[in-house]
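Reader: I'm new to this one, so please walk me through it step by step.

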Amino acid sequence: MKMTEQTDELRAHLSEHAKTFKLAWVQLGQGLYSVWRDKIYHTWEFEKFEDYVVRELGLKKPLALKLVKTYFFVEQEEPVYLKKEFSETRNTAVIPGLESLDVLRLARNHRELTREDYTKLRKDIFEKGKEASLVKKDLTAIIKERKKVDPEQERENRHDQSIRRLVAALKTFKKDMETLKLGEPQLIEEAEDLLERLEGQYSNDTKDN
C-alpha cells in the first residue's frame, strides 16, 4: 500500500472515530433518561437517581442531569440528530456534541430570546459546527442586550435595592435590641417606626409598578 493510500485511510478512520466520539453521549443519555423517567433505580435498591449515578456509574450529579435533560431536548426538538443518516451525511467538523446541544437547550427555554435569535444559534451549531464556548458567549451577549434598561429604570432599581437592604438591616437591629435587651426602649420604638414607614413606601412603590 502506498503512503498516500495509508494516510488517506488513516484520515478516514480518524474522521469516523471523531464522529463516534461526538455522538457517544447519546446512548448514555438515552439510558439515563429511561432510568430517571421510570425510576428504574428503585429496582436496583437506590433511593435517588443521583445515588445511582454517583455510586454505581461514578458520574457527578450535574453531568448526569445534563445528559438526561439534553437527551430529552434532542428527542423532542431535534430528533433528526438521533438518526443514523444525520452522522452519515454530515462532515465531522459540524456535528455538534453534548456541550453545544446543552447550550441550545438552554437557549430554547430562555424567555429573553426571540425565535430569530434561537434560529441563528441553531444554525451556528448544526450548520457551522461552532464551539459550545463561543455559542455560550453569543447567548450571553444576546441576553444582556435584551435586558438593557433605560437610565431612569436603572435608578429605580437601585433605589428599590437600597430600601430592601435598609429594611433588612433595621429588622436585624430591632430583633437584636429586643432579644439582647440592648438600647433604650425609645430607640427601639424609633427603629420600629422607621421600619414601618420604609416598608409602607416600598409596598406603595411595588403597587405603582
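Reader: Let's start with two rings: are Tyr 81 and Phe 86 buried or exposed?

Author: Quick background: this is a predicted model, where local features need pLDDT of at least 70, side-chain atom pairs count only at pLDDT 80 or more, and totals for chains, interfaces and linings use all residues. Residues are numbered from 1 along each chain as its sequence is written, and side-chain values use heavy atoms, with hydrogens and water left out. Buried means under 20% relative accessible area, exposed means over 50%, and partly exposed is in between (1.4 Å probe, protein chains only). By that yardstick, Tyr 81 and Phe 86 are both buried.

Reader: How many helices does the chain have?

Author: Helices are DSSP runs of H or I with at least four residues, strands are runs of E with at least two, and both are numbered from the N terminus. Along the sequence the pattern reads α-α-α-α-α-α-α-α-α-α. There are 0 strands, and the helices number 10.

Reader: What share of the 209 residues is buried, then?

Author: The cut-off is the one I gave for Tyr 81 and Phe 86, which are buried. For the chain of 209 residues, the buried share is 29%.

Reader: Why is H6 described as largely enclosed by the rest of the structure, and which helices does it pack against?

Author: H6 covers residues 98–108, and 8 of its 11 residues are buried, so the rest of the structure largely encloses it. Those buried residues are Leu 98, Ser 100, Leu 101, Asp 102, Val 103, Leu 104, Arg 105 and Ala 107. With contact meaning heavy atoms within 4.5 Å, they pack against H2 (25–37), H4 (61–77), H7 (115–126) and H8 (132–146).

Reader: How do H6 and H7 run: roughly parallel or roughly antiparallel?

Author: Their axes come within 10 Å and cross at roughly 170°; axes are lines fitted to C-alpha atoms, for helices over the stretch in contact, with angles from 0 to 180 degrees between N-to-C directions. Under 35 degrees counts as roughly parallel, over 145 as roughly antiparallel, 65 to 115 as roughly perpendicular and the rest as oblique. H6 and H7 are therefore roughly antiparallel.

Reader: Which residues of H7 meet H6?

Author: On the H6 side we have Ser 100, Leu 101, Leu 104, Ala 107 and Arg 108. The residues of this contact divide into 7 nonpolar, 1 polar and 2 charged (Ala, Val, Leu, Ile, Met, Phe, Trp, Tyr, Cys and Pro are nonpolar, Asp, Glu, Lys and Arg charged, and the others, Gly among them, polar). On the H7 side are Tyr 118, Leu 121, Arg 122, Ile 125 and Phe 126.

Reader: How many aromatic pairs are there?

Author: Rings of Phe, Tyr and Trp (its six-membered ring) pair if their centres lie within 6.5 Å; planes under 30 degrees apart are stacked, over 60 edge-to-face and the rest tilted. The count by this rule is 10.

Reader: What kind of pair do Phe 46 and Tyr 52 make?

Author: Phe 46 counts as buried at 10% relative accessibility, and Tyr 52 does at 8%. Their ring centres are 5.6 Å apart with planes at 65°, so the pair is edge-to-face.

Reader: And what kind do Tyr 81 and Phe 86 make?

Author: These two belong to one aromatic cluster with Trp 25 and Phe 126. Their centres lie 5.3 Å apart and their planes are at 50°, so the pair is tilted.
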